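Have a look at the sequence and the fold below, and keep the view open while you read. The report walks through a few regions one after another.

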Amino acid sequence: MAMSKRHSQDPNNVVLSGVARIGGQEHFYLETNACVVVPKPEDGEMEVWSGTQNPSETQAYVAQVTGVQANKIVSKVKRMGGGFGGKETRSIQLAGICATAAKKAGKPVRCMLNRDEDIMTSGQRHPFLARWKVAVTKDGKLQALDADVFNNGGWSQDLSAAVVDRALSHVDGVYKIPNVHVRGRICKTNTVSNTAFRGFGGPQGMFIAETYMEEVADHLKIPIEKLREINMYQPGETTHFKQALQDWYVPLMWKQVLQESEYDKRRKEVEEFNKKNKWKKRGLSIIPTKFGISFTALFLNQAGALVHVYP
């Protein structure tokens, strides 16, 4: 949902401000959160089979709740029936409960949530509210972006800080904006604690970007495809979070997709159809995206392997 208003006294520039709202989304993986914990006969050892995207954190937290060192806990994942971020941290509460019960009973404990329990407890995609203001020249070149981005974290912090962090690094879309000042806030609310979800804040940031682009295009009466094209980053340019864009092929891919999909021809056909039909309408859109992979905490972008070779 979006709304905007215009305010500017400079004849060469237009300043627009508006609000964008993005609702949540349920992971709805086929397999709900599930866990089996098997206690071992000595030294508090346990084997944990969990449908989790985070075996190492499962190990760490099960060790905490059972009061043993982490090396006493073996955490395993056979396979998952879907995760999408919903089992990055929110699977661990179930593993901790099962482990506590297994320690007390001295017997294996298994639990699989039903769908209602899973939805009530596991968290969703973070809903967002953004208040944005953009400055743009009369010919459509973006000059500045100022935005406050509010993230509905729910009752606990979980991964909300990292999600809003990534949203702020995607709030420029694929567009070069010389002046950017954006601020992110996590809102503590009375809902379930929201969590990681496919894209991890990136989709929310890109939605905000395309919201103000659509509003600018409407006010300047410029085709949105043209507005996007003239504002795209070029290879080697630097983002507002100081990353130089290398191997940047979005402008090339944009042109290729427009050409191969016969976009202009289809656009005219859609407009013709809509003129002739009062109640049934068609739409057509093409959206460019850039998405940062890996971690914004750079030290986490690492891997290690230990290889033993025996003759």
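What follows goes from the domains to one strand and its partners, then to the cores and two helices.

## Domains

The coordinates are those of a predicted model. The protein chain falls into three parts: domain 1 (13-25 + 127-242), domain 2 (34-120) and domain 3 (248-289). Taken over C-alpha atoms, the centres of domain 2 and domain 3 lie 48 Å apart.

## Strand β4 and its partners

A good place to start is strand β4, residues 46-50. Of its 5 residues, 4 are buried, so β4 is largely enclosed by the rest of the structure. Strand β3 (residues 34-39) pairs with β4 in the antiparallel sense, over 5 bridges. If you would like a pair to pick out on screen, V36 has W49 in β4 as its bridge partner.

Strand β5 (residues 73-76) also pairs with β4, here in the parallel sense and over 4 bridges. In this pairing M46 stands opposite I73 of β5. Helix α1 (residues 55-66) joins the picture too: β4, α1 and β5 together make a right-handed β-α-β unit.

## The hairpin loop and G44

Between the strands of the β3 and β4 hairpin there are 6 residues, and D43 takes a positive phi near 60° in this hairpin. G44 also has its place in the loop between β3 and β4. Is G44 buried, exposed or partly exposed? Its relative accessibility is 37%, so G44 counts as partly exposed, since the partly exposed class lies between the 20% limit for buried and the 50% limit for exposed.

Which residues does G44 touch, leaving aside its neighbours within four places in sequence? The contacts of G44 are with V68, K72 and I73. For I73, the separation from G44 is 29 residues in sequence, while their C-alpha atoms are 8.3 Å apart in space. I73 is thus a residue to revisit here, as it is the one that M46 stands opposite.

## Nonpolar cores

The largest nonpolar core has 41 residues, and W132, L145 and Y212 touch the most other members. Elements that give two or more residues to this core are β2 (13-22), β7 (128-137), β8 (142-154), α4 (160-169), α5 (202-220), α6 (224-231) and α7 (250-260). Its largest share comes from α5, with 7 residues. Domain 1 and domain 3 each supply at least three residues to this core.

Another core lies apart from it and has 14 residues, including M46, A95, A102 and L113. You have already met M46, opposite I73 in β5.

## Helices α4 and α6

Both of these helices give residues to the largest core. In α4, 7 of the 10 residues are buried, so the helix is largely enclosed by the rest of the structure. The buried residues are S160, V163, V164, R166, A167, L168 and S169. They pack against β7, β8, β9 (179-188) and α5.

In α6, the buried residues are I224, E225, L227, R228 and N231. Why do they count as lying on the same side of α6? They cover an arc of only 165° around the axis, which puts them on the same side of the helix. For packing partners, the buried residues of α6 have β8, α5, α7 and α8 (263-276).

Technical notes: Residues are numbered from 1 along each chain as its sequence is written. This is a predicted model: local features need pLDDT of at least 70, side-chain atom pairs count only at pLDDT 80 or more; totals for chains, interfaces and linings use all residues. Side-chain values use heavy atoms; hydrogens and water are left out. Buried means under 20% relative accessible area, exposed over 50%, partly exposed in between (1.4 Å probe, protein chains only). Two strands pair if DSSP finds at least two bridges between them. A crossover is right-handed if, with the strands pointing away from the viewer, the path from the first strand over the helix to the second runs clockwise. A nonpolar core is a set of buried Ala, Val, Leu, Ile, Met, Phe, Trp, Tyr and Cys residues joined through side-chain atoms within 4.5 Å. Domain bounds come from an automatic or database domain assignment. The arc is that of the directions from the helix axis to the C-beta atoms. Contact means heavy atoms within 4.5 Å.
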